Amino acid sequence: MAGTVDQLREVALFSELDDETLDRIVLQGREVEWRAGQTVIKEEDRKGEVFHLILTGTADVSAHGTPVAKAGPGEYFGELSLLDGKPRSAQVAAETDLVTFSIASWHFERLMDELAGTENRLSTERMRYNERIQEYNTARRQFPGNVTA
């Protein structure tokens, strides 16, 4: 699934993550095959249950019955409903035979919690670093005043 890790790296949600974290994400998902014409997600579904990253094939995206886009390898959908909990804003159907890397909502939510923890740890470390730099700069400014001749 090295190709999947590379494609995940291109997704904004995952672009800043290291390989170890991306490998963990890959373990949470699975490849799903869709036949041409098959509906992948339905508009207005109450709450999205799956994030999809297209590995191969193309999909038609429509809103209110109007085609709005085509999506291909490296593009993804389903994340908005998972993140905001609102009904699906579009319908996606396989235009050609399609393979997606899919992560179920319960895995996706757990991953977002883990990633938030990683982000918080990074923020905490950055704050500590900035505090040390500020202390150092304050001490440097005070240094000449502390010297007596």
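Here are some exercises on the predicted model above, each with a worked solution.

## Exercise 1: The sheet with E2 and E5

Work out which strands stand at the edges of the open sheet that holds E2, E7, E4 and E5, and why one side of each is left without a neighbour.

**Solution.**

Step 1. Start with the strand order. The four strands of this open sheet follow one another as E2-E7-E4-E5, and their pairing is antiparallel.

Step 2. Look at the two ends of that order. Strand E2 (39-41) and strand E5 (66-71) are at the edges; each has a single partner strand, so one side of each has no neighbour in the sheet.

Step 3. Add the twist. On average, neighbouring strands here are turned by 30° against each other, with direction ignored.

Step 4. Check one edge pairing. E2 runs antiparallel to strand E7 (residues 91-94), and two bridges join them. Thr39 has Ala93 in E7 as its bridge partner.

Step 5. Move to the other edge. Strand E4 (residues 59-63) is joined to E5 by five bridges, again antiparallel. Here Ala63 stands opposite Thr66 in E5.

Step 6. Close the hairpin. Two residues lie between E4 and E5, and His64 takes a positive phi near 55° in this hairpin.

## Exercise 2: The sheet with E1 and E6

Find the edge strands of the open sheet that holds E1, E8, E3 and E6, and describe how E1 is joined to E8.

**Solution.**

Step 1. Write down the order. It is E1-E8-E3-E6, an open sheet of four strands with antiparallel pairing.

Step 2. Read off the edges. They are strand E1 (30-34) and strand E6 (76-77), and since each has a single partner strand, one side of each is left without a neighbour in the sheet.

Step 3. Take the pair at the E1 edge. Five bridges connect E1 with strand E8 (residues 98-104), and the two run antiparallel.

Step 4. Pick a pair of residues to look for on screen. Trp34 stands opposite Leu98 in E8.

A general reminder to go with both sheets: strands pair through backbone hydrogen bonds, in a parallel or an antiparallel way.

## Exercise 3: A salt-bridge network

Trace the network that salt bridges with shared partners form around Arg9, and say which residues it joins.

**Solution.**

Step 1. Count first. The structure holds four salt bridges.

Step 2. Begin at Asp6. Asp6 forms a salt bridge with Arg9, and their closest N and O atoms are 3.1 Å apart. Both residues belong to helix H1 (residues 2-9), where they sit three residues apart, about one turn of the helix.

Step 3. Follow Arg9 to its other partner. The side chains of Asp19 and Arg9 meet in a salt bridge of 2.1 Å, N to O. Asp19 lies in helix H2 (residues 19-28) while Arg9 lies in helix H1, so this pair ties together parts that are 10 residues apart in sequence.

Step 4. Judge the exposure. Values between 20% and 50% count as partly exposed. Asp6 is partly exposed because its relative accessibility is 43%; Arg9 is too, at 27%; and Asp19 is as well, at 44%.

Step 5. Compare with a pair elsewhere in the model. Asp60 and Lys70 meet through their side chains in a salt bridge (2.6 Å, N to O). This pair links distant parts of the chain, with Asp60 in strand E4 and Lys70 in strand E5, 10 residues apart. Asp60 is partly exposed at 29%, whereas Lys70 counts as exposed at 53%.

Step 6. Put the network together. Through shared partners, salt bridges join Asp6, Arg9 and Asp19 into one network.

Step 7. Take a last look at Asp6. Its C-alpha atom is 9.3 Å from that of Gly74, although the two residues are 68 residues apart along the chain.

## Exercise 4: The nonpolar cores

Identify the residues with the most contacts inside the largest nonpolar core, then name elements that supply it.

**Solution.**

Step 1. Find the centre of the contacts. The largest nonpolar core has 16 residues, and Leu8, Phe14 and Ile25 have the most contacts inside it.

Step 2. Map the core onto the elements. At least two residues each come from H1, H2, strand E3 (50-56), E8 and helix H4 (105-146).

Step 3. Look for a separate core. Another one, of 13 residues, lies apart from the largest; among its members are Ile54, Ala59, Val61 and Ala71.

Note on methods
Residues are numbered from 1 along each chain as its sequence is written. This is a predicted model: local features need pLDDT of at least 70, side-chain atom pairs count only at pLDDT 80 or more; totals for chains, interfaces and linings use all residues. Side-chain values use heavy atoms; hydrogens and water are left out. Two strands pair if DSSP finds at least two bridges between them. Axes are lines fitted to C-alpha atoms, for helices over the stretch in contact, and angles run from 0 to 180 degrees between N-to-C directions. Buried means under 20% relative accessible area, exposed over 50%, partly exposed in between (1.4 Å probe, protein chains only). A nonpolar core is a set of buried Ala, Val, Leu, Ile, Met, Phe, Trp, Tyr and Cys residues joined through side-chain atoms within 4.5 Å.
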